[in-house]
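Here is a short briefing to read alongside the structure. Have the viewer open and follow the topics in order.

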Amino acid sequence: MSQDGDPLLIEARLDGSGPPVTREVPGGPGPSGVDLPEAGCWHVTLRWSGHVDTLRLRYVQQ
């Protein structure tokens with residue numbers, strides 16, 4: 001059973017093949033902001049409380 005407050009672990013790869021960039025959001029999924037090192041199409045894996053999800057993210061820096 002999952003526990004409230006487990007961190008959200010993020011692994012992102014630019015264009016799906018670059019070196020991994022990792023981030024951690026304390027307290028798990030929810031409102032937050034996460035910066036990546038550069039603009040582009042990122043393939044992102046999210047892990048928290050026994051869950052795993054993936055997405056493609058177009059990241060734009062302003």
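The chain has four strands and zero helices, and this picture comes from a predicted model. Starting at the N terminus, the elements follow one another as β-β-β-β. The four strands come together in an open sheet with antiparallel pairing, in the order E2-E1-E3-E4.

**The chain as a whole**

- If you lay the C-alpha trace along its principal axes, it spans about 35 × 25 × 15 Å.
- The chain holds 62 residues, and 24% of them are buried.
- Among contacts with a separation of 6 or more, 38% link residues that are 24 or more positions apart.
- The exposed area of the chain is about 4600 Å², and 48% of that is supplied by carbon and sulfur atoms.
- On the charge side, you will find 8 negative and 5 positive side chains. The centres of these two sets are 8 Å apart.

**How the sheet is put together**

- Reading across the sheet, the order is E2-E1-E3-E4.
- Why do E2 and E4 each have one side without a neighbour in the sheet? Both strands stand at the edges and have a single partner strand each, so one side of each is left free of a neighbour there.
- On average, and ignoring direction, neighbouring strands of this sheet are turned by 20° against each other.
- E1 (residues 5-14) pairs with E2 through six bridges, and the two run antiparallel. E2 itself covers residues 21-27.
- For a landmark in this pairing, look at Leu-9, which stands opposite Glu-24 in E2.
- Six bridges also connect E1 to E3, again with the strands antiparallel.
- Two pairs help you find your way between E1 and E3: Ala-12 is opposite Val-44, and Glu-11 has Thr-45 as its bridge partner.
- E3 (residues 40-48) and E4 (residues 51-59) run antiparallel and are joined by nine bridges. Trp-42 has Leu-57 in E4 as its bridge partner.

**The two hairpins and their turns**

- E1 and E2 make a hairpin with six residues between them.
- Asp-15 is in the loop of that hairpin, between E1 and E2. Its phi is near 55°, which is a positive value in a residue other than glycine.
- Asp-15 counts as exposed because its relative accessible area is 52%, just past the cut-off of over 50%.
- Pro-19 has its place in this loop between E1 and E2 too. With a relative accessibility of 67%, Pro-19 is exposed.
- Beyond its neighbours within four places in sequence, Pro-19 is in contact with Ala-12 and Arg-13.
- E3 and E4 make a hairpin with two residues between them.
- Ser-49 sits in the loop between E3 and E4. Like the aspartate described above, Ser-49 is a non-glycine residue with a positive phi, here near 45°.

**Two residues to look at in detail**

- Is Thr-45, in strand E3, buried or exposed? Thr-45 is buried, because its relative accessible area of 17% falls under the 20% limit.
- Setting aside residues up to four places away in sequence, Thr-45 touches Leu-9, Ile-10 and Glu-11, along with Val-52, Asp-53 and Thr-54.
- One of those contacts, Glu-11, is also paired with Thr-45 as a bridge partner.
- Asp-53 belongs to strand E4. At 41% relative accessibility, Asp-53 is partly exposed, so its value lies between the limits of 20% and 50%.
- Which residues does Asp-53 contact, apart from its neighbours within four places in sequence? They are Val-44, Thr-45, Leu-46 and Trp-48.
- For a sense of distance, Asp-53 and Gly-18 are 35 residues apart along the chain, and their C-alpha atoms are separated by 19 Å.

Methods
Residues are numbered from 1 along each chain as its sequence is written. This is a predicted model: local features need pLDDT of at least 70, side-chain atom pairs count only at pLDDT 80 or more; totals for chains, interfaces and linings use all residues. Side-chain values use heavy atoms; hydrogens and water are left out. Buried means under 20% relative accessible area, exposed over 50%, partly exposed in between (1.4 Å probe, protein chains only). Contact means heavy atoms within 4.5 Å. Accessible areas come from the Shrake-Rupley method with a 1.4 Å probe; for residues, only the protein chains shown count as cover. Lys and Arg count as positive and Asp and Glu as negative; His and the chain ends are not counted. The place of a charge is taken as NZ of Lys, CZ of Arg, CG of Asp or CD of Glu. Two strands pair if DSSP finds at least two bridges between them. Axes are lines fitted to C-alpha atoms, for helices over the stretch in contact, and angles run from 0 to 180 degrees between N-to-C directions.
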